Amino acid sequence: MKHIISLLLENEAGALSRVAGLFSARGYNIESLTVAATEDATLSRMTIVTTGSDDVIEQITKQLNKLVDVVKVVDLSEGEHIERELMLVKVRAAGKDREEMKRMADIFRGRIIDVTDKTYTIELTGTGQKLDAFIEALEEGAVLETVRTGASGIGRGERILRV
């Protein structure tokens, strides 16, 4: 099962490396990882998407809590949460394909952010499933290049990750 683990860690050199090393040393896979400073410049928020049984996720959480740089860990998948991912996709858009690509971007609430004679670059945000559905809806060979951020998540309502 997919889990979104969110953690606060000290914003110091090597902190990201120690977290990634923990996963690597134990043979756990990271499907996606995002990290950036928070409103407190001394802390960073990291979001890790991984898969595993409840026992494996519990073990990962315990190991993360043991790291010196880690301040707090929460598995967002255990409760109500919002997740989003950003994707930039460059698609073939020449001749008759231009209008179809514009229509597809509109259907998926994407924005065309770059236009050339032969391509569109489309920005989409949403769940991973929505972004996958967009790619699947396009004709084969239409996608020239894709880049995705991986999931970022936040608890709903009063659920807050704070020190």
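Two strands count as paired if DSSP finds at least two bridges between them. By that rule β1 and strand β3 (residues 43–51) are an antiparallel pair, joined over nine bridges. The model described here is a predicted one. Its chain of 163 residues, 36% of them buried, contains four helices and nine strands.

**Overall layout**

- From start to end of the sequence, the elements come in the order β-α-β-β-α-β-β-α-β-β-α-β-β.
- The C-alpha trace measures about 55 × 35 × 30 Å along its principal axes.
- Counting contacts between residues at least 6 apart in sequence, 73% link residues at least 24 apart.

**Surface and charge**

- About 9600 Å² of the chain is accessible surface, and carbon and sulfur atoms account for 49% of that area.
- There are 22 positive and 27 negative side chains in the chain.
- The centres of these two charge sets are 2 Å apart.

**Strand β1 and its partners**

- Strand β1 covers residues 2–10, and seven of its nine residues are buried.
- Within the pairing of β1 with β3, which is antiparallel, isoleucine 5 lies opposite isoleucine 48 of β3.
- β1 also runs antiparallel to strand β4 (residues 70–75), with five bridges joining the two.
- In β4, valine 70 is the residue that stands opposite leucine 9.

**Nonpolar cores**

- In soluble globular proteins, nonpolar side chains tend to be buried together.
- The largest nonpolar core in this chain consists of 15 residues.
- Val89, Val91, Met101, Ile122, Leu124, Phe134 and Leu138 are the members with the most contacts inside that core.
- At least two residues of this core come from each of β5 (81–92), α3 (97–107), β7 (119–126) and α4 (128–137).
- A second core, separate from the largest one, has 14 residues, including Ile5, Leu9, Leu22 and Ile60.
- Leucine 124, one of the best-connected members of the largest core, has contacts beyond four places in sequence with Glu85, Leu86, Met87, Val89, Phe108, Arg109, Gly110, Leu131 and Phe134.

**Strands β5 and β9**

- β5 and β9 run antiparallel and are joined by four bridges.
- Arginine 84 has serine 152 of β9 opposite it.
- Strand β9 (residues 152–155) has two faces: Gly153 and Gly155 are on the covered one, while Ser152 and Ile154 are on the uncovered one.

**Strands β6 and β7**

- Strand β6 (residues 111–115) pairs with β7 in the antiparallel sense, over four bridges.
- The two strands make a hairpin, with three residues between them.
- Arginine 111 has glutamate 123 in β7 as its bridge partner.

**Leucine 88**

- Leucine 88 belongs to strand β5.
- Leucine 88 is classed as partly exposed because its relative accessibility is 29%, and that class lies between under 20% for buried and over 50% for exposed.
- Although 34 residues separate leucine 88 from isoleucine 122 in sequence, their C-alpha atoms are 5.7 Å apart.
- Leaving out residues up to four places away in sequence, leucine 88 touches Ile113, Ile122, Glu123, Glu145, Thr146 and Val147.

Key:
Residues are numbered from 1 along each chain as its sequence is written. This is a predicted model: local features need pLDDT of at least 70, side-chain atom pairs count only at pLDDT 80 or more; totals for chains, interfaces and linings use all residues. Side-chain values use heavy atoms; hydrogens and water are left out. Buried means under 20% relative accessible area, exposed over 50%, partly exposed in between (1.4 Å probe, protein chains only). Contact means heavy atoms within 4.5 Å. Accessible areas come from the Shrake-Rupley method with a 1.4 Å probe; for residues, only the protein chains shown count as cover. Lys and Arg count as positive and Asp and Glu as negative; His and the chain ends are not counted. The place of a charge is taken as NZ of Lys, CZ of Arg, CG of Asp or CD of Glu. A nonpolar core is a set of buried Ala, Val, Leu, Ile, Met, Phe, Trp, Tyr and Cys residues joined through side-chain atoms within 4.5 Å.
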